[in-house]
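User: Please take a close look at one helix packing in this model. Then add what else stands out, including the surroundings of any ligand.

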Amino acid sequence: MNAKNKTANSARYFDQAAETMPREALAALQFERLRQTLRNAYDHVALHRERMDAVGIKPEDVRTSGDLQHIPFTFKADLRDHYPFGMFARPVSGLARIHASSGTTGKATVVGYTGADINNWAGLMARSLQAAGARPGDMVHNAYGYGLFTGGLGAHYGAERLGATVIPVSGGGTERQIGLIMDLKPRVLCATPSYTLAMAEVAEKMGIDLRTSSLQVGVFGAEPWSAAMRSEIEERLAIKALDIYGLSEIMGPGVACECTAQAGLHGWEDHFLFEVLCPETQQPVPEGNAGELVITTLTKEALPMLRYRTRDITRVTTAPCECGRTHLRILRITGRSDDMLIIRGVNVYPSQIEAVLVGRPMIAPHYQLVVERNGSLDQVTIEVETHIGVSSESHPLIAREVAHYIKSIVGISTQVVIKLPGEIPRSQGKAVRVRDLRPKE
Ligand code: DLL
């Protein structure tokens, strides 16, 4: 048997009873846990109590799932306004751990976990990794950043809980990472999709073909990535690439993860309540339609979140999945509403542009979008890089072709600037895809 085809073990589920629970039982469990969460939030977090009092709702008033819509929303700004610990439902002295998100737009947000929260998180991450194809006994190369970012420690505890052996490499030091992959022979890679491509590129320069490595499964997330990017990664590393989602305010990685059917990310509904709302009207969109993902935590002790507005745009389905898991599926995160560009009246996410660029002949899967204001209009320049060996004589043709495909598929006119191999900055964690040069309002 070819090493790439073998599976370490055929077990499918980490927690079969929870993962395959009939949807009616899941709904009943959610409701019971929602009431506990509301109680916890109301009794211990002033902001939640004040907001609920303002609309005249007490935890015990929530009697049916329809009552959920009366509970006030929570926003990232609330965490910033109550920095650092103002939204915690437990004294800081009793917490097991603190994480923080980087806060590119202002102050960082700080999140906290009790021992029970860490325990649940490890379980959900283990469940996610197993759904993605990892197995007890596997070696997991963890290139998510360790530290305040939830990626590194989140994947680390999950892999340990699964019964895997973790290589805690963190991000960066790419040549050393490639060496470790070749020497230690991990089966599973955890990293951002953009850093994975940066690793593939460095490996090529080192004369190493990652297709021949021991890696079989990649669990990639922390940033939007397109189907085209998935194909590129699967092709360049000869692995199966799975999507994992999460956010620090809700927990960290492992809020949702793809199973090997690669048909959407199972959102773990025994621990989270998912809604998809129209961002303007705040009303639920019909199942399958795009809207903002709004999440309520159901088991978090230290930082219960009520109807958290993630700003992430997606669609969900509750249709049965071939893997047997009953939990709904999030159909890929298109992007954040904050990252949406409005170009001459057309709404565009960077990931839509990525879907057109990646895999096109002669260009590398590294790009940046530069957004500028020209009078009252927004203008986008797409910087794309050619593959090594592409002659500069073909640059004008490549630029014309890319502009043509973006226009016909995404519907916007763009300038395309061709860069030489290596000129676009490479990521070591979350990629920066957009350089927004518009004046701040
Ligand atoms: O990125 C947690 C994480 C770590 C998830 C490792 C997956 C893997 P934050 O730094 O708080 O947490 O950023 C959360 O990243 O609201 C999304 O906008 C984006 N994001 C995370 N996963 C995905 C994904 C971690 N699979 C923010 N697809 C979220 C698209 C994602 N966007």
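Analyst: **The helix pair and its surroundings**

In this predicted model, helix α8 (residues 193-205) and helix α9 (residues 227-237) have axes that come within 10 Å and cross at roughly 35° (axes fitted to C-alpha atoms over the stretch in contact, angles from 0 to 180 degrees between N-to-C directions; helices are DSSP H or I runs of at least four residues, strands E runs of at least two). From α8, the contact (heavy atoms within 4.5 Å) takes P193, T196, L197, A200, E201 and E204. On the α9 side, the partners are M229, E232, I233, R236 and L237. By class, the contact of α8 with α9 holds six nonpolar residues, one polar and four charged (Asp, Glu, Lys and Arg are charged; Ala, Val, Leu, Ile, Met, Phe, Trp, Tyr, Cys and Pro nonpolar; the others polar).

Turning to the ligand, 19 residues surround it (a heavy atom within 4 Å). D243, I244, S248, D312 and K430 are the closest of these. The shell around the ligand is made up of nine nonpolar, five polar and five charged residues. Both α6 (150-162) and β7 (240-247) supply at least two residues of this shell. The largest share comes from β7, which gives five residues.

Three polar contacts (N or O pairs within 3.5 Å) can be picked out around the ligand. The side chain of D312 places an N or O atom 2.6 Å from an oxygen atom of the ligand. I244 uses its backbone instead, with an N or O atom 2.7 Å from a ligand nitrogen. At A222, a polar backbone atom is 3.1 Å from a nitrogen atom of the ligand.

Two backbone details remain. The peptide bond from Y83 to P84 is cis, its omega being near -5°, and P84 sits in the loop between α4 (76-81) and β1 (97-101). R344 is not a glycine, yet its phi is positive, about 45°. This arginine, R344, belongs to the loop joining β16 (341-343) and β17 (346-348).

Residues are numbered from 1 along each chain as its sequence is written, and side-chain values use heavy atoms, without hydrogens or water. Local features need pLDDT of at least 70 and side-chain atom pairs 80 or more, while totals for chains, interfaces and linings use all residues.

Note on methods: A polar contact is a pair of N or O atoms within 3.5 Å; within protein, one must be able to donate a hydrogen and the other to accept it, and residues adjacent in sequence count only if both atoms are side-chain atoms.
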